[in-house]
Amino acid sequence: MSPETIIQLSVVILLLPLLGFTLLIFFNKRLPRQGDWLETGILFLALALSLVVFAVKMVSYRHETFQATFTWVNFGNVPGFGPMKLELGIMVDNLVAIMLVVVNVVSALVHLFSIGYMHGDVRYGRYFAYLGIFTFSMLGIVITNNFWMMYVFWELVGLSSYLLIGHWFEKKSASDAAKKAFVVNRVGDIGMFTGIMILFATFHTFTFSTIFESMQSGNIPLGSEAWLTAAGILIFCGAIGKSAQFPLHVWLPDAMEGPTPVSALIHAATMVAAGVYLIARAFPMMTADALMFIAYIGAITAFISATIAIAQNDIKKVLAYSTVSQLGYMVMGLGVGAYTAGFFHLVTHAMFKAGLFLGSGSVIHAMHHALHHAGDHHTDPQDIRNMGGLRSKMPITFWTFLIYTLAISGIPFTSGFLSKDEILAGTLAFGSLTGHKIIPIIGFFVAGLTAFYMFRLVIVVFFGEHNDHHRIEAVRESPKTMTIPLMVFAALSFFAFYSPNPFGAASGWFFDAIHRPESVVPLAVAAVGIETFEEALHHSHSLAMILSLTVAGLGILIAFTTYYWKKISADAVADKLKPLHTFFLNKWYFDEFYEWMFVGGTKGLARAYAWFDNRIIDGIVNGVGSWTKAITLGTRQNWEEGSIASIFYLGITGVISLYVGWIAGAAMMPFGASLGTMVGYGMLGLAVAGLTFFLFYVGVGGFDNSIVDGLVNATAYLAGFLGLLTRRVQTGKVQTYLAFVILGVMVFFLWFR
Amino acid sequence: MQDFIHWLQAPGLNHFLIISGILFSLGVFAILTRRNAIMVLMGIELVLNAANINFIAFSRYITNTLDGQVIAIFVIILAAAEAAIALAIVLNIFQNFNTVNVDELNQLRD
Amino acid sequence: MVLYNLAFYFFSLITLASASVVVFSKNIVHSAFALLFTFFGVAGLYVLMMADFLAITQILIYIGGIMVLILFGVMLTNRTIDVQIRTGSIQTFPAMLIVAALAGTLVGIFWSTDWKISPTAIGFEKTAPEIGKMLLTNYLLPFEIASIVLLVALIGAAMIARREKKA
């Protein structure tokens, strides 16, 4: 297969879901079964094609990159900017080939799962259409070769995620969550846009490879390394938003309001992975400082969300925070320089997290039906405290869920072990090279927490006693369309797909295909070089494996002691650490803080402005008005009455005017003003005083009545006259207007002759 | 005078343009003065024909390419479409208002 | 050359005279028939400008198609029994002034402009094949759009002119 065919196939893969969307959004009501088979079939076709692309790329062109570009708009030489043109292009390298498969696998299986899960939904067809456009936009992000198209598809992902999260928009919490996801993402996107524009202003192109080549030859934004770091961090802001990193992670847990398969699609493999993918794409231009920032953000995110996940009781909330935590892992992995490991974790995590979400969907689906069957509409079908003992009732869901949990906890023979181990080794190497020991410490601690809360979930949901026998009796295993995706994902969570050696990913095809790209930033600000890093990585590998196994085992052990054997009472511990538990349960009060800080702050600012407007501005205006009115009225009346006081007042005014004129003249003296100037100012003061006397003499009211009103009336009269004149022209007959047009044309003729 | 006769004896670009100018003015006159909608339509046809003469004359004498003629064909096409639609509208108006006098038509519905 | 001059003045005369009849005649049927001669005269002028294909088109479409349409319109909208076929004019005097000014401007401009007549302007050998080629190459898009416009006009005219069924 030639490179051209690969490019063409990729374009077909990109456009297939869009085709599905277009067909379904218009015709879903007319198609049999509202077109779910169509969209699902299209996705499986895309999956098959992407597998072909992947296989060919891996076997025949493993070390080549294909690009196809064409100039879309050419603005020529823009004044004040230079040559400006927009190029569209797609690129297929190993990263893209792998991402195509990952996105399509998850999307296709989610489609299949949705057929069962969404059965009987009010907007069933539209739901599938939205899944289609979501997949399209995600594939678009993956496949482009420039920042500009990536940004466009980035926003498209934002839009389609908004549509999907708000699918059940009748529920206020769902529409709120959709809006929150959209708005919070925009905050990050502003940063990304600014970063892209910094690059564009310097390099006059959006294409990755051109930018990197130019950068390698020593050309950096505004000639300053600080700007390069800034551009890197700003572009990373986009990833903070989309990949739900601290401090913009708040949207992801709320987004669980969407249908569960949507959660699997958005939060496992696609939207949140876009951020990680962006970092991977922009990796060569990241300076050491930017990477350090990325690593710390990732570590903080991983830590915060892992602690929150411990205290949650909603099955999807636990998974949501675990997703945020794992994303923190990936970002941290990329940040410390373990590029391949970070990206590898993205792939493996996509598989088992999609499985976890779909598994939870299966559980919720079953619970929902059982509750519905029992006529119970008050119990929350997502609360794990209402579950328990589902193991025997839903064997397929249980076993697959267990496999995913083992994978996410990093137990050997799973894919999660391979990727997590590599990341942890990377953090250890980073710690020893740079002295930032806190990063590996957080990494291992979070690994333990992950194992703990995931096993807590499994034990509470599937093991133990049924706390309501009657309800559990009604629980049934989900239909085939739902269990088959679960089994496929479970299979994909084993090590064998990624590496022949269960204890080391380095010998697998993945580490052969994906290499950390050479940095293109100036040497002075570049991160630790690849060779040095590999060396350190090599030394820390066995230590990382032992440590990660220990902490994971410890976490699982504690989970079993607490929730299975009940040796430790979870409630007692929670009681003892009451403030901490409340703190975790309330998600570190991030939402409340944002509410207070930004929503409240905006409202407060608005109130302050309103007060200022009402009191100060209006006060001045009204004050001036009433003051003038009072003085004119008062003095005029007084004058007419011949009051001594008013004469005195006028006298004072005159004296003040004279004095001000004198002072003004005197003040001019140092600047070379002559005596004449001074006298001139004095005369001016005298004139003002005289005018004041005159005004009071003729009466301000007289001036107002005759001069001011006269002017106003004259204007009105003139306007009326002109109106009368022009109205005659407006006959309302089309021929008259045509005559005017002809006259106008003649004027042009004679003018330009 | 002699010049003028010479000019008359050698018809060229100017002659065609002047014919077209007069034809154009006649068409405009019809549009401006006639009250019958169909007469207005005939005026428009005259204007279009005048424009076509110009196109062809310039194409013949100045650019020496056939582009002008192709454009003239498009003008004819549009004139045909316009005549069909306009007459349909006139017929419809006649059915509804019982008149085709453009001055009396001042509403879009009855 | 003399023949050419004669032909030119002949066709010009036909064109302008019949156009005047179109414009000034009080009887709309006369106007319509005079328009037929105007089109014919213009077609003659086309031939003199070596646009033979266009001349044929003019005769076919204008005289064969548009004229018939206009005559239909005249006949259908003037009931010969009770309404006279004469049509009135309005604002004749101001319109006369404007049109005279317009004609003066146009003729003056055409007369006085120093046209850059191409010295190689000897005319064309064959126009029909060349026009055909251009329509299918350089002017393909307008050509296709024109076909759609005609289709739309066809359907639209039928829709508009159709007699509404009284509900």
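**Figure 1. Where chain C meets chain A.** Nine residues from chain C and eight residues from chain A make up the contact shown here. Please keep in mind, for this view and the ones after it, that this is a predicted model. How much area do chain C and chain A bury between them? The figure is about 820 Å², and 82% of it falls on carbon and sulfur atoms. On the chain C side, the residues that lose the most area to chain A are Ile98(C), Thr105(C) and Ile109(C), which together account for 50% of what that side buries. If you wonder about the choice of number, the size of an interface is often given as the accessible area lost when the parts come together.

**Figure 2. Phe749(A) and its partners in chain C.** Let us move in on one residue of chain A. Phe749(A) sits in helix α28 of chain A, which covers residues 734-751. Which residues does Phe749(A) touch, leaving aside those up to four places away in sequence? They are Thr105(C), Leu106(C) and Ile109(C). Two of these names, Thr105(C) and Ile109(C), may be familiar from the list of chain C residues that lose the most area to chain A. Phe749(A) has a relative accessible area of 33%, so it is classed as partly exposed.

**Figure 3. Helices α14 and α15 of chain A cross each other.** Two packed helices are described by the angle between their axes and the distance between the axes. Here the pair is α14(A), residues 339-373, and α15(A), residues 395-409. Their axes come within 9 Å and cross at roughly 145°, and the crossing is left-handed. To find the contact, look along α14(A) for residues including Phe352(A), Leu356(A), Gly359(A) and Val363(A). Facing them from α15(A) are residues including Thr397(A), Phe401(A), Tyr404(A) and Ile408(A). What kinds of residue make up this contact of α14(A) with α15(A)? Seven are nonpolar, six are polar and one is charged.

**Figure 4. Phe343(A) in the largest nonpolar core.** In soluble globular proteins, nonpolar side chains tend to be buried together. The largest nonpolar core of this model has 223 residues. Which of its members touch the most other members? They are Phe147(A), Met215(A) and Phe343(A). Take Phe343(A) as your starting point: not counting residues up to four places away in sequence, it touches Leu95(A), Ile98(A), Met99(A), Tyr277(A), Phe510(A) and Ile514(A). Another core lies apart from this one and has 82 residues, among them Ile53(B), Val29(C), Phe39(C) and Ala51(C).

**Figure 5. Three spots to inspect in the backbone of chain A.** Most residues other than glycine have a negative phi, and most peptide bonds are trans. With that in mind, begin at the bond joining Phe246(A) and Pro247(A), a cis peptide bond with an omega of about 5°. Pro247(A) belongs to the loop between α8 (225-242) and α9 (251-254) of chain A. Next comes His204(A), which is not a glycine and yet has a positive phi of about 60°. You will find His204(A) in the loop between α6 (172-203) and α7 (208-216) of chain A. Is His204(A) buried or partly exposed? Its relative accessible area is 22%, and buried would require under 20%, so His204(A) is partly exposed. The last stop is Phe413(A), another residue other than glycine with a positive phi, near 75°. Phe413(A) lies in the loop between α15 and α16 (415-434) of chain A. With 42% relative accessibility, Phe413(A) also counts as partly exposed.

**Figure 6. The three chains, one by one.** Chain A has 28 helices and two strands, and 52% of its 753 residues count as buried. Among its contacts between residues at least 6 apart in sequence, 79% join residues at least 24 apart. How many helices does chain B have? It has four, with zero strands, and 60% of its 110 residues count as buried. For contacts in chain B with a separation of 6 or more, residues 24 or more positions apart account for 52%. Chain C has six helices and zero strands. Of the 167 residues of chain C, 41% count as buried. In chain C, 60% of the contacts between residues at least 6 apart in sequence join residues at least 24 apart.

Methods. Residues are numbered from 1 along each chain as its sequence is written. Chains are lettered from A and ligands numbered from 1 in the order in which they are written. This is a predicted model: local features need pLDDT of at least 70, side-chain atom pairs count only at pLDDT 80 or more; totals for chains, interfaces and linings use all residues. Side-chain values use heavy atoms; hydrogens and water are left out. Axes are lines fitted to C-alpha atoms, for helices over the stretch in contact, and angles run from 0 to 180 degrees between N-to-C directions. A crossing is left-handed if the near helix is turned anticlockwise from the far one by less than a right angle, and right-handed if clockwise. Contact means heavy atoms within 4.5 Å. Ala, Val, Leu, Ile, Met, Phe, Trp, Tyr, Cys and Pro count as nonpolar, Asp, Glu, Lys and Arg as charged, and the others, Gly among them, as polar. A nonpolar core is a set of buried Ala, Val, Leu, Ile, Met, Phe, Trp, Tyr and Cys residues joined through side-chain atoms within 4.5 Å. Buried means under 20% relative accessible area, exposed over 50%, partly exposed in between (1.4 Å probe, protein chains only). Buried area is the accessible area (1.4 Å probe) that two parts lose on being put together, summed over both.
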